[in-house]
Amino acid sequence: MSPLHYRIEPAEPAAHRFHVALTIQAPDPSGQWLALPAWIPGSYLVRDFARHVLTLSAEAAGQAVAVEQVDKDRWRVEPVDGPLTVMMEVHAYDTSVRTAYLDTERGFFNATSLCLRVIGQEHLPCTVDLIAPDAAAVTGNWRVATSMRPVEAEPWGFGRYGCEHYDELIDHPVELGVFDVVEFEAGGRPHAIANTAAGRYDAEALASDVARICDAQVALFGELPCDRYLFLNNVSADGYGGLEHRYSSALAAPRRAMPDGSGRRSDDYVNFLGLVSHEYFHLWNVRRLMPAAVAHSDLESAAYFDDLWAYEGITSYYDDLGLLRAGVIDSARYLDLLAKQMTRLERNPGRYRQSLAESSRLAWTKFYQQDASAANAIVSYYNKGALVACALDLTLRRETDDQCSLDHVMRELWTRYGRAMKPIPDAAIEQVAAEVSGLDLSDFFDAMIRTPGEVPLPDLLADFGVEATCRPAAGPDDAGGRQPGEAPSSRCRTGLNARGQRQPRLINVLDDSPAQQAGLAPGDRLVAIDHEEATPAVIKAVEQRRVAGETVAVHVIRGDRLLERQLTLGDAEPNTWTLTLAESSSEDAHARRSAWLRTSAAPGE
Ligand SMILES: [Zn+2]
């Protein structure tokens with residue numbers, strides 16, 4: 001018997017309850033402390049998973065043992081002789097990739113939600129029995145998808161699995177239910193995607209595209225540090241997100257993003273491939289190249305570090321670049337994705353208030369708990385982080401005559417820290433970048449990381465034969481990049497950033513915008529503009545047909561009150577970037593561009 005054994009049963013699917021039993025062979029003789037983590041690595045929000053525990057009891061040698069819940073996350077069990085078993089009922093009804101879910105259609109969990117940490121025994125190996133649900137209680141023939149190592153279980157089967165220690169246990173999410181499996185090889189190792197509720201899609205195209213993306217990321221680091229890899233992909237109407245692990249990742253994707261078999265890669269599908277590329281890149285950057293604050297955390301309270309931009313931003317830079325390197329998109333389409341990142345930052349006045357270091361450190365409250373002020377107050381370490389990573393890459397390439405790039409920095413970080421999973425202290429990336437390139441980058445990092453403000457990408461891009469143009473948006477859907485056909489630009493600005501078809505809701509109100517000057521607020525529901533029912537098309541028509549200085553009447557509902565405001569239209573604002581390959585660039589710029597935007601495979605467009 002393993003020192004620690006978990007028995008996990010999707011016992012009450014209709015009530016969304018897992019039953020979990022933990023047996024500890026040698027509990028602490030002075031009384032065993034137990035805990036559930038307050039947060040899960042990769043998602044920087046205190047979630048207090050213990051709040052979903054409905055009941056917790058203990059027994060030893062067939063006798064009940066007293067348990068006290070000491071605080072919101074911890075319990076203490078009375079001293080006992082010999083093995084101790086702790087039983088829990090846990091409510092699981094959250095579709096997020098960070099928590100746990102159970103109904104009659106599927107189950108999913110991270111062990112952070114279901115498996116108690118045995119204080120003092122975190123380093124010991126454990127076994128996990130995954131029990132099949134009562135067939136009459138669920139729909140279809142359920143199987144198991146997890147990267148956890150089977151001890152006594154058929155592939156994709158219920159049975160016994162095992163982990164070397166608690167940190168490994170919480171790194172293998174588990175999907176239970178009906179899914180189809182797409183298998184392929186990358187980096188010479190078996191990979192699979194388990195798609196739940198995906199409907200009909202082109203499995204061959206998916207396998208081929210994802211394999212190429214994985215191969216491109218393996219090529220960057222020079223080695224794949226795992227013997228297998230699994231994507232768990234839960235498909236729904238509008239889900240989107242992912243959580244990274246060392247041997248797998250849990251994804252949520254919208255059904256329209258699955259490849260349709262037309263051979264054309266839709267924007268939704270390319271976004272999904274970007275998510276796949278992002279989570280896969282994390283198997284190196286953040287799961288093995290680990291920030292020290294996370295590596296040393298007991299997950300009971302928040303871990304603070306200033307480098308989150310490097311883990312999420314660099315990963316966000318390489319996720320789309322990986323699609324280009326894999327030949328899944330061409331360079332024009334890659335530049336559209338980069339232009340969208342630039343547009344997002346351009347429309348985020350919070351970049352003048354918050355630095356990337358602050359954004360990283362305060363992710364717990366400011367980024368993960370955004371309020372109505374977010375667009376004006378904070379900057380995203382994903383968005384600005386990706387653009388700073390791009391600026392760093394281009395700076396290294398230009399200043400070293402292409403002798404050094406961000407690729408070299410990542411490989412050196414991998415050699416020094418990642419391969420041995422040695423925790424990385426704050427700012428080590430800055431030091432390694434300077435050492436590898438031989439450049440003094442202190443001004444660059446001070447300006448980019450520790451000071452709020454712009455990223456000087458347009459100038460850098462010009463040296464790479466890429467022309468950056470900033471123009472007014474062509475409409476509410478224009479997120480940047482090339483527009484199809486001759487889309488007319490807006491002639492004026494309302495500042496009405498709204499979501500929804502009927503009574504669209506203001507998602508933010510930017511500082512100094514016409515909407516703010518008219519006294520409109522985030523959350524207001526737009527009823528009418530100039531007495532015409534407000535829809536996205538009506539907002540677009542106003543911005544394309546009216547001119548700055550004119551006034552329109554706006555009716556909104558705030559709370560339960562109907563308000564009328566006069567909105568004076570502002571000048572159309574150039575806040576939307578387009579990037580194009582400059583035709584008349586110098587030979588040097590052309591050579592730099594070819595090296596930067598190289599594709600390792602023939603474009604499959
Ligand atoms: Zn990420």
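Begin by selecting every cysteine in this predicted model: the structure holds zero disulfides, a disulfide being a pair of cysteine sulfur atoms within 2.5 Å.

Zoom first to Cys 126, whose closest cysteine sulfur belongs to Cys 163 and lies 4.8 Å away, too far for a bond. Cys 126 counts as buried, at 4% relative accessibility. Move on to Cys 404, where the closest cysteine sulfur, that of Cys 390, is 15 Å away and therefore also too far for a bond; Cys 404 is buried as well, with a relative accessible area of 4%.

Next, select the zinc ion together with His 278, His 282 and Glu 312, which coordinate the metal through NE2, NE2 and OE respectively, at 2.0 to 2.1 Å. Along the sequence these donor residues follow the spacing H-x3-H-x29-E. Colouring by secondary structure shows that His 282 sits in the loop between helix H4 (267-281) and helix H5 (292-295), while Glu 312 belongs to helix H6 (residues 308-325), so this pair ties together parts that are 30 residues apart in sequence.

With a surface switched on, are His 282 and Glu 312 buried or exposed? His 282 is buried, at 0% relative accessibility, and Glu 312 is likewise buried, with a relative accessible area of 1%.

Finally, select residues 495-560, where an unreviewed UniProt entry places the feature "domain: PDZ". Over this stretch the chain is 21% helix and 33% strand, and a distance drawn between the C-alpha atoms at the two ends of residues 495-560 should read 23 Å.

Technical notes. Residues numbered from 1 in each chain as written. Predicted model: local features only at pLDDT ≥ 70, side-chain atom pairs only at ≥ 80, totals over all residues. Heavy atoms only, no water. Donors = N, O, S within 2.8 Å, 3.2 Å for Na, K, Ca; no water. Helix = DSSP H or I, 4+ residues; strand = E, 2+ residues; numbered from the N terminus. Buried < 20%, exposed > 50% of the residue type's maximum accessible area, 1.4 Å probe, protein only. UniProt positions renumbered as here; feature names shortened; annotations may be inferred.
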